[in-house]
Amino acid sequence: MLTASASGLSRREALQLASALVVSGMPTHARKTVLVAGGGIAGLSCAWELQRRGHDVTVLEASDRTGGHVYTFRSGLDDGLYADAGAEQFTDPGYERFWGYVHEFGLAYRYYPRREHMLRWLGGRLCTEEMLADPKVLAGLDLNAREITYLQTHPFWDLASLYFAPYLSNVTDEYKPFDAGLNHLDGMSTSELFRKDGASAGALRLIGGRGSALHSVWHAAILRLRGVPLWPPRVFRLVGGNQTLTDTLTHKLGERVRLHSPVTHIEQGSGVRVTCQTSGRDVHHEADYLVSAMSAVQLRRVVMTPALTEAKAYAIQHVPYYFDSRVIFQTASRYWQRDGVSPNMEIGDDALQHVWSSCDELPTPRGLIVGTAGPGGTTDLAAATYRKHYPGRSAAIEKAHIWTWANHPWASACETTAYPVGQLARLWPALSEPHGRVHFVGAYADNLNWGMEAGTRSAHRVAEAIDALA
Ligand SMILES: Cc1cc2nc3c(=O)[nH]c(=O)nc-3n(C[C@H](O)[C@H](O)[C@H](O)COP(=O)(O)OP(=O)(O)OC[C@H]3O[C@@H](n4cnc5c(N)ncnc54)[C@H](O)[C@@H]3O)c2cc1C
């Protein structure tokens, strides 16, 4: 059995440092030792925020790399092509914390035209944006007169705003969905709410949902408060892959990051003591606090002593996730340019939900088509589905890869998804609340389920909270 302290300082040295800070006029929050369990974007950014506030951090990452769901795939691709197998985009407006790092570290970023000139497979054919503004086409999709009129002045993707609009101004604090006088909406689904408010059968097919109406209204209200559209058409990516950010944070944290350190047991009393299974041995780490930065799905496997409260355990156990796969086609040419068609398609099939092109900055005649499939997707099914829907002459796919997150031992779950009817009060705010000396960050631990946004926001919130503790 090995014991390692997360702190490089003795208590005496820490006290000397604290008095030196008082003399220098710097912030005097006591220096703490903090373990961070999980080296995805949430864990790395929380560790970085704690370290720059003068605390002593150690990141314990289970796998052989940091970044978690921020993962830039390159293997087997030619000419320097790469694809983000997990988080592929960030928005502007939105993602303020993420953008803060992009600017602070001088990372190159690029506008990502993957939501321009969308082709949507609807009613058995591919529809352009122009078609989806045409009242005749919209009537053919079973939309009613009010919806068709709305879509004369709003983009197709904004249809749900017609039904969210009457409720949004009730939410004034984006972290307090229950202060909006709308709690009864948790007792119905989004489809039931929209149907009650006059939505057509066609609209329900397009924008309905079985999750809690209060959850979806809250989600839309958060975006409104942040000035972000419901489906932001302007998105961005980091040049060289979004993993550039997690790699940069890892580099800056240096030896504070320990790979191959899966946390199996978290004990707390006057401090925290963590057990990791490293190289088949139990290795122990001690610190003042612990930040859990793994997904809720992974956290379900970790033993906590004392156990989580009933409310917290329920929330961790039941928060729903989706499990998607990333499809990557290397193509012999950028044939969509030759064909004069948009590479951006929403197909809506589990074999291939949507596709777009990437790596347009690379000096190669080859192209890259990136897409998303369900957890059971395969390269053959995805390629067949793509060829069936691609509206140009022929698709010259040279190589096809699929990255199946559901098979990943430590990062299987993607993002959280719509909470079931009647569950919002059982999941929120419990998911984001600390358990004694254990704090929680990650894509599931913030109010909006947009992965890197929620990861970096929750990281800042927790770093500030730990910093402020006496
Ligand atoms: C296909 C796909 C597309 C996506 N698209 C986007 C997008 O465009 N934009 C966006 O913002 N988000 C997107 N996301 C979501 C986003 O990638 C994730 O939500 C986000 O990266 C999660 O970050 P995290 O740090 O909370 O968790 P994770 O990335 O899951 O990191 C957790 C880390 O903890 C480690 N770990 C797990 N268990 C243990 C343990 N017991 N001990 C120690 N370490 C452990 C894991 O190995 C991992 O490194 C997408 C996700 C997927 C899968």
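In this predicted model, seven strands form an open sheet with mixed pairing, in the order S9-S8-S18-S19-S20-S17-S21. Strand S9 (125-127) and strand S21 (397-404) are its edge strands, and each of them pairs on one side only. On average, neighbouring strands of this sheet are turned by 25 degrees against each other, direction ignored. Within the sheet, strand S19 (residues 352-358) and strand S20 (residues 367-373) run antiparallel and are joined by five bridges. One residue pair can be named here: Trp356 has Val370 in S20 as its bridge partner. Helix H14 (residues 379-389) packs on the sheet and touches strand S8 (119-122), S9, strand S17 (325-331), strand S18 (345-349), S19, S20 and S21. The direction of H14 makes about 125 degrees with that of S21.

A further open sheet has three strands in the order S6-S10-S7, and its pairing is antiparallel. Its edge strands are strand S6 (90-91) and strand S7 (109-112), each of which pairs on one side only. S6 is joined by two bridges to strand S10 (residues 235-238), and these two strands run antiparallel. Phe90 stands opposite Phe236 in S10. In general, strands of a sheet pair through backbone hydrogen bonds, either parallel or antiparallel.

**Helix packing**

Two pairs of packed helices are listed below.

| Helix pair | Angle | Axes apart | Residue classes in the contact |
|---|---|---|---|
| H6 (residues 159-168) and H9 (residues 213-226) | about 80 degrees | 10 Å | six nonpolar, one polar, one charged |
| H3 (96-104) and H16 (residues 451-468) | about 85 degrees | 7 Å | three nonpolar, two polar, five charged |

H6 and H9 pack at an angle of about 80 degrees, which means that H6 is roughly perpendicular to H9. H6 contributes Phe164, Tyr167 and Leu168 to the contact, and H9 contributes Ser216, Val217, Ala220, Ala221 and Arg224.

H3 and H16 pack at an angle of about 85 degrees, so H3 is roughly perpendicular to H16. On the H3 side the contact is made by Glu96, Arg97, Phe98 and Tyr101. On the H16 side it is made by Met452, Glu453, Thr456, Arg457, His460 and Glu464.

**Domains**

The chain is divided into domain 1 (2-68 + 241-319 + 431-468), domain 2 (119-226) and domain 3 (322-407). The centres of domain 1 and domain 2, taken over C-alpha atoms, are separated by 38 Å. Eight residues from domain 1 and seven residues from domain 2 take part in the contact. Between them, the two domains bury about 670 Å², with 53% of this area on carbon and sulfur atoms. In domain 1, the residues that lose the most area to domain 2 are Asn447, Leu448 and Arg457, which together account for 72% of what that side buries. Arg457 also belongs to the contact of H16 with H3.

**Backbone features in loops**

Most residues other than glycine have a negative phi, and most peptide bonds are trans. Three places in this model may be read against that background.

The peptide bond from Asp92 to Pro93 is cis, with omega near 5 degrees. Pro93 is placed in the loop between S6 and H3. The peptide bond from Thr305 to Pro306 is also cis, with omega near -5 degrees. Pro306 lies in the loop between strand S16 (303-305) and helix H12 (310-318).

Asp79 has a phi near 60 degrees, a positive value in a residue other than glycine. This residue lies in the loop between strand S4 (72-73) and strand S5 (83-84).

Terms used: Residues numbered from 1 in each chain as written. Predicted model: local features only at pLDDT ≥ 70, side-chain atom pairs only at ≥ 80, totals over all residues. Heavy atoms only, no water. Pairing = 2+ DSSP bridges. Helix = DSSP H or I, 4+ residues; strand = E, 2+ residues; numbered from the N terminus. Axes fitted to C-alpha atoms, helices over the stretch in contact; angles between N-to-C directions. Parallel < 35°, antiparallel > 145°, perpendicular 65-115°, else oblique. Contact = heavy atoms within 4.5 Å. Nonpolar A, V, L, I, M, F, W, Y, C, P; charged D, E, K, R; others polar. Domains from an automatic or database assignment. Buried area = accessible area lost by both parts, 1.4 Å probe.
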